[in-house]
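Reader: Please show me the model and explain how its aromatic contacts are classified.

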Amino acid sequence: MQKEIHKRQTSEEELNYKVNFDSTTRLPNKTMAYAILCEKIAEAQKTNQRLYVLSVDLANFKKVNKGLGHDGGEHLLEIAAERIVRASGPNSTVARLRGDEFLVSNFEDSETSSLAESTAKNILEELQKPFFIQQIDFYLGACIGVSLYPRDSSKADKLMRYADLAMYRAKEKGQNIFCFYSQSLSHIISRKQMLEQHLHKAISRDELTLYYQPFIKLGKELKIVGAEALLRWNNKTFEDITATELIAVAEETGLIVPIGEWVLQKATADIASINPPRSFRIALNLSAQQFHNPNQLQTAILTALRESGLQPDQLELEITENNLLNLGAKTIHLLQWIKQLGIRLSIDDFGTGYSSLHYLQKQNFDLLKIDKSFIKDIHLKKSNRVLVDAIFAMSKTLGIEVIAEGIESKAEEEFLRQQNYGLAQGFRYSRPVPLEPFKILLDQQKERGYVRFPSSKDAP
């Protein structure tokens with residue numbers, strides 16, 4: 001009888017442990033963390049104390065976990081948990097909420113939230129140190145969101161949610177950053193969630209469209225030699241959405257992949273429909289996410305060319321300079337396939353990252369687009385002139401064409417023209433416009449041999 005009672009007690013204890021604790025890290029789970037936070041809030045109310053809650057998200061964990069396998073990933077989480085506990089200090093509650101997310105709560109020792117801030121910094125410092133697993137050093141880092149009692153809420157669930165929202169805000173800003181919750185942040189997150197919901201239906205509702213901004217050859221007269229296709233979203237609920245915000249939401253949700261395929265099909269079909277000169281090329285931006293599935297992107301490219309009838313060398317695909325630094329073997333093979341097909345390759349935003357000449361040479365890029373921040377007031381800023389001169393000299397050596405982005409003034413244009421810099425793009429010539437106005441510009445060029453644009457006073 002006594003053995004049965006002991007066995008039953010042991011079973012109940014085991015069940016209780018499984019219900020309230022994480023088996024990998026042996027830390028409290030989300031259910032237990034919530035219960036403990038409720039107790040701390042009750043105590044804080046009685047003693048007039050303050051509390052902080054930290055939401056900790058491990059950076060790069062999914063990528064590292066994929067390479068380590070299940071056992072290696074579990075070991076990594078154990079080490080990360082130990083570091084978070086150590087960095088959180090005495091009397092802190094550390095819990096594993098889900099996957100690679102942890103929660104830390106403790107009483108604040110002053111009205112300045114200094115303990116919350118120092119704890120967040122300590123955790124970030126610990127998690128930036130290398131993790132030596134399977135004879136290899138791995139690097140994670142983290143992002144942390146912070147909420148405060150009673151400033152942000154007196155409810156445990158809201159404090160946890162607000163810390164989570166702040167953590168996502170920190171992730172948007174970069175890696176190894178912590179961010180405090182604020183009411184304005186709640187509005188930002190709410191807007192983003194609504195944007196995501198609407199964007200899922202944007203293609204089926206025919207809300208997406210493309211605008212075209214011409215590439216200009218600078219000579220005695222101005223001539224259009226191509227255009228960049230730029231995505232726009234016509235949504236009645238979000239009439240103020242910018243292209244930058246649209247792309248950011250699309251990439252965060254993974255919708256950039258189907259949207260990118262739509263852009264390929266739509267842009268090639270649009271340009272084919274206006275019967276451009278054979279030398280004309282249409283440029284499209286590729287997201288880093290589109291490279292994750294090379295077969296899918298290859299199929300989309302081939303389908304777009306086949307259905308539109310455009311030749312491969314009339315299509316130009318742009319990859320940003322920063323994405324160039326993260327090329328894996330699959331991406332390199334995909335870029336080689338694109339070149340072998342006859343499609344042009346371009347590096348966008350050149351000058352903002354740290355591209356290797358090895359990559360420029362090996363991948364055989366056709367075009368560099370100098371970022372507009374280096375073109376603005378180039379006739380006045382010596383540092384910009386030196387950088388642009390160096391880029392042109394390097395490009396000439398490598399046989400790579402260059403286009404200057406963001407031309408807005410006559411002075412900027414004249415400087416580039418005097419230096420024989422060739423190609424330009426910007427508001428001085430044309431804002432991005434729908435297909436029909438763009439076709440009118442091309443038709444004008446066919447009649448005259450060149451095209452006239454509004455003067456720079458019309459450009460912002």
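Author: The following exchange sets computed values against their definitions. This is a predicted model, in which local features need pLDDT of at least 70, side-chain atom pairs count only at pLDDT 80 or more, and totals for chains, interfaces and linings use all residues. Residues are numbered from 1 along each chain as its sequence is written, and side-chain values use heavy atoms, with hydrogens and water left out.

Reader: Why is the pair of Tyr162 and Tyr181 called stacked?

Author: Rings of Phe, Tyr and Trp (its six-membered ring) pair if their centres lie within 6.5 Å; planes under 30 degrees apart count as stacked, over 60 as edge-to-face and the rest as tilted. The centres of Tyr162 and Tyr181 are 4.1 Å apart and the planes meet at 5°, so the pair is stacked. Tyr162 belongs to helix α5 and Tyr181 to the loop between β7 and α6, 19 residues apart.

Reader: What makes Tyr181 buried or exposed?

Author: Buried means under 20% relative accessible area, exposed over 50%, and partly exposed in between (1.4 Å probe, protein chains only). Tyr181 has 6% relative accessibility and therefore counts as buried; Tyr162, at 12%, is buried by that criterion.

Reader: Which class does the pair of Phe178 and Phe180 fall into?

Author: Phe178 and Phe180 form an edge-to-face pair, with 6.1 Å from centre to centre and 75° between the planes. Phe178 has a relative accessible area of 21%, so Phe178 is partly exposed. Phe180 is partly exposed because its value is 26%.

Key:
Helix = DSSP H or I, 4+ residues; strand = E, 2+ residues; numbered from the N terminus.
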